[in-house]
Structure formats: structure tokens, C-alpha cells
Amino acid sequence: MDVHILGGLSVREGGVPIAPTAAAPRQVLALLTAFAGQVVPVTVLTEELWPSGAPRGARTELATHIAELRALIARALHETEDEGAAGGWTERRTADAVLVSLPGGYRLDTGVGVHDIGQFERAAGAGYRAMDAGDLVRASLRLGEALALWRGEPYAGVAAGPCLRREIERLETARLSVLDQWVEAQLGLGRHEEILSELPGLAARYATNEPLQAHLMVALLRCGRHEEALAVYERLRVILHRETGMEPSARLRRLQHAVLAVRHTRVAAGSGGRAPLPGTPGEHVFGHAGGRPSVPARADGTPAVTWYGPALPRVPAQPQAGRADTVTTVVAVPV
């Protein structure tokens, strides 16, 4: 079974589409694909379909949606049966074996097909490991592969209840983490001019995302566009103050001061060359000396840079009041 959700739901068994057009069974299938290979409890499915409380007969209605999905799977298996037999496959899969009923829930067995979330997480993980190893070329390639899998918003066109909304939020967070590290790799490879063709649009879309704003400031600074870099900071400051009442982080404030210092130094020297920041000799603004990430040490000798971690695990849990189902840890890269 091939599953694609990074830009709308597409589920095919043997090349035959099995995603229903009706909203409720489509929503059930989306949740089952999100946790493919795992048991999704009936309570999670009913909460997804009826967030304000399951009505009388909810389990019967859910069973009807499951039966509809099995009928679509059975039809797809029947249409591909002859092709599978011609290819030497003798064991026949059944709809009940693909969409399995278990005590307390259901499990979707996608088999050996393609699942774009898995592809995304594998490519992203390889990219993170390459960043940790200082291999920016490989990091750029693998992180770019992960981003290229996205065709649009995850689960676009699917009605999302609380569980799917958490999954969508998790995926968007993972995408932003990969995007941040991909841009970081581009800057480390000296590709600041190339990424300026798309970075302003990304920064505008994620207007309060500080890593992207910082990357845009660095790219502009390296191109000698100091005033534009300062304008990015000011725009972020205004938006944050309006929406949250807070100021940019210390990381962004240090970067703003660095831009001011470089501008002042260049104006005073009458030169367009890169000026080192005050402080540690040889350090550059959010730069990478020698094409590898620079990792300044803290006072206690531990590294000051920690890359974003891999995508969070997806485990469907019983709904609990007040529970935080996703936790994202972000460690800023200091100036």
C-alpha cells in the first residue's frame, strides 16, 4: 500500500485508489494511515470524529466506516489479484488482514509500500546526522530530499479532529526544523546569494519563526545589504510585540547588534570586505569557517550548538484531559 499525506491524502493498494470521498470515512482512513502499523484505539477514533462528545450509536457508525474502507480495499485487492499472481505472488491478502480488528481498536497494515512520512523522516534523520558530522554537502542533499517530498499542506482536504490536528502540527514542526537546517547548510556552503531567491518568501510565510528570520538576516548581511537585514529584525520585533507582547530572543538581539557593528566597521573603513565581529578572533556572524560548522564552546567546555533533533515519534494515545501530546525542543544556534 502506498500512502502519501504530505500535500493531501492519497492511499493506493496495488495502484488502485482506496481513499473514500465521503468526509467521515476519509477522516478515519487518514488517522489510520498516520499511525500505520499501530493500533489506533476506538476511543481515539471516536474523539477524532466527534470532538465534542460521541453520540449514541457512535461505535456502530464507526464500524460502518470501517466496513466501507474494507470494501474499497477488497475491490483494490481483487483488481490487482491477477497481476500479483502473474508476478509469482501466491499468498492472497484480504481486506480483514489489511485493516485489522483488534481488541479496543484497529490497525492498518500497509505492507511494504511507500509511506511519504517514513521517507521524510529517514531523509531528515540522515541530514541531521550529516550536520552533526560537519558534512554540509551531504546534509544539504538529504535535507533537500526531505523537503522535496512535500506537495502542500499535510492531510489537505481532510476534516481534522484533535488527533489529526496534533499530527499536522507535529509534521509542520518537523518540516520547519528540516527547513531551518537546510538553510543553515546553504549558508555554511556560502550559498547566501542563491537562497535569497526563496528565503524572503519563507520568512514572510513564517513571520514569527526566529531561525528563518535570523538566516535571512545573515544572507542579507553577507550580500552587504545591512539596512535590509536590520529591517527584517525590526519587522520581527513589531510582529512579536503585536502578537505576543514579547521581544525577539537574545540570539536575534545579538545578531542585530552584530549587523550594526559590521555596518559601522565597514562604513568607517570604507571597505566592502567582511569584518570580524568583536570577540573571538576568526568568528563570523552565523558563519562557518572553512565550510564546516563552527562550534564555540561554553564556559564549561560543552558545545554551544545543538542541531534540531529528528522527527517526533507518532504514538496514538488514549485521549486525556490536559495532556500535552507533542513536545518540541529547539536549541538556538548562538551568534
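In this predicted model, helix 1 (residues 23-34) packs against helix 2 (residues 42-49) at an angle of about 135°, and their axes are 10 Å apart. That angle makes helix 1 oblique to helix 2. The crossing in which helix 1 passes helix 2 is right-handed. On the helix 1 side the contact is made by A24, Q27, V28 and L31, which meet V44, L45, E48 and L49 of helix 2. Sorted by class, this contact of helix 1 with helix 2 has 6 nonpolar, 1 polar and 1 charged residues.

Helix 2 also packs against helix 7, here at an angle of about 90° and with the axes 7 Å apart. The two helices, 2 and 7, are therefore roughly perpendicular to each other. V44, E47 and E48 in helix 2 meet P162, C163, L164 and R166 in helix 7. By class, the contact of helix 2 with helix 7 has 4 nonpolar, no polar and 3 charged residues. V44 and E48 of helix 2 thus take part in the contact with helix 1 and in the contact with helix 7.

Helix 7 spans residues 162-188 and includes Q186. The side chain class of Q186 is polar, yet Q186 is buried, with a relative accessible area of 5%. Leaving out residues up to four places away in sequence, Q186 touches S140, R191, H192 and I195. One of these, S140, falls within the range of helix 6 (136-148).

The loop between helix 6 and helix 7 holds Y155. Its backbone has a positive phi of about 60°, although Y155 is not a glycine. Most residues other than glycine have a negative phi. Y155 is buried, at a relative accessible area of 2%.

Another loop residue is I18, placed between strand 3 (16-17) and helix 1. Is I18 buried or exposed? I18 is buried, with a relative accessible area of 2%. Not counting residues up to four places away in sequence, its contacts are M1, V11, E13, L29, L72, I73 and A76. Among them, L29 belongs to the residue range of helix 1. I18 and R75 are 57 residues apart in sequence, while their C-alpha atoms are 8.6 Å apart in space.

The accessibility values for individual residues are collected below.

| Residue | Relative accessible area | Class |
|---|---|---|
| I18 | 2% | buried |
| Y155 | 2% | buried |
| C163 | 6% | buried |
| Q186 | 5% | buried |
| C223 | 28% | partly exposed |

Two cysteines appear in the table. C163, one of the helix 7 residues that meet helix 2, is buried because its relative accessible area of 6% is under the 20% cut-off. C223 counts as partly exposed because its 28% lies between the cut-offs of 20% and 50%. How many disulfides does the structure hold? The structure holds 0 disulfides.

For the protein chain as a whole, there are 12 helices and 6 strands. The chain has 335 residues, and buried residues make up 45% of them. Of the contacts in the chain with a separation of 6 or more, 66% are between residues 24 or more positions apart. The pair I18 and L72 is one contact in the chain.

Terms used: Residues are numbered from 1 along each chain as its sequence is written. This is a predicted model: local features need pLDDT of at least 70, side-chain atom pairs count only at pLDDT 80 or more; totals for chains, interfaces and linings use all residues. Side-chain values use heavy atoms; hydrogens and water are left out. Axes are lines fitted to C-alpha atoms, for helices over the stretch in contact, and angles run from 0 to 180 degrees between N-to-C directions. Helices (H or I, at least four residues) and strands (E, at least two) are DSSP runs, numbered from the N terminus. Angles under 35 degrees count as roughly parallel, over 145 as roughly antiparallel, 65 to 115 as roughly perpendicular and the rest as oblique. A crossing is left-handed if the near helix is turned anticlockwise from the far one by less than a right angle, and right-handed if clockwise. Contact means heavy atoms within 4.5 Å. A disulfide is a pair of cysteine sulfur atoms within 2.5 Å. Buried means under 20% relative accessible area, exposed over 50%, partly exposed in between (1.4 Å probe, protein chains only).
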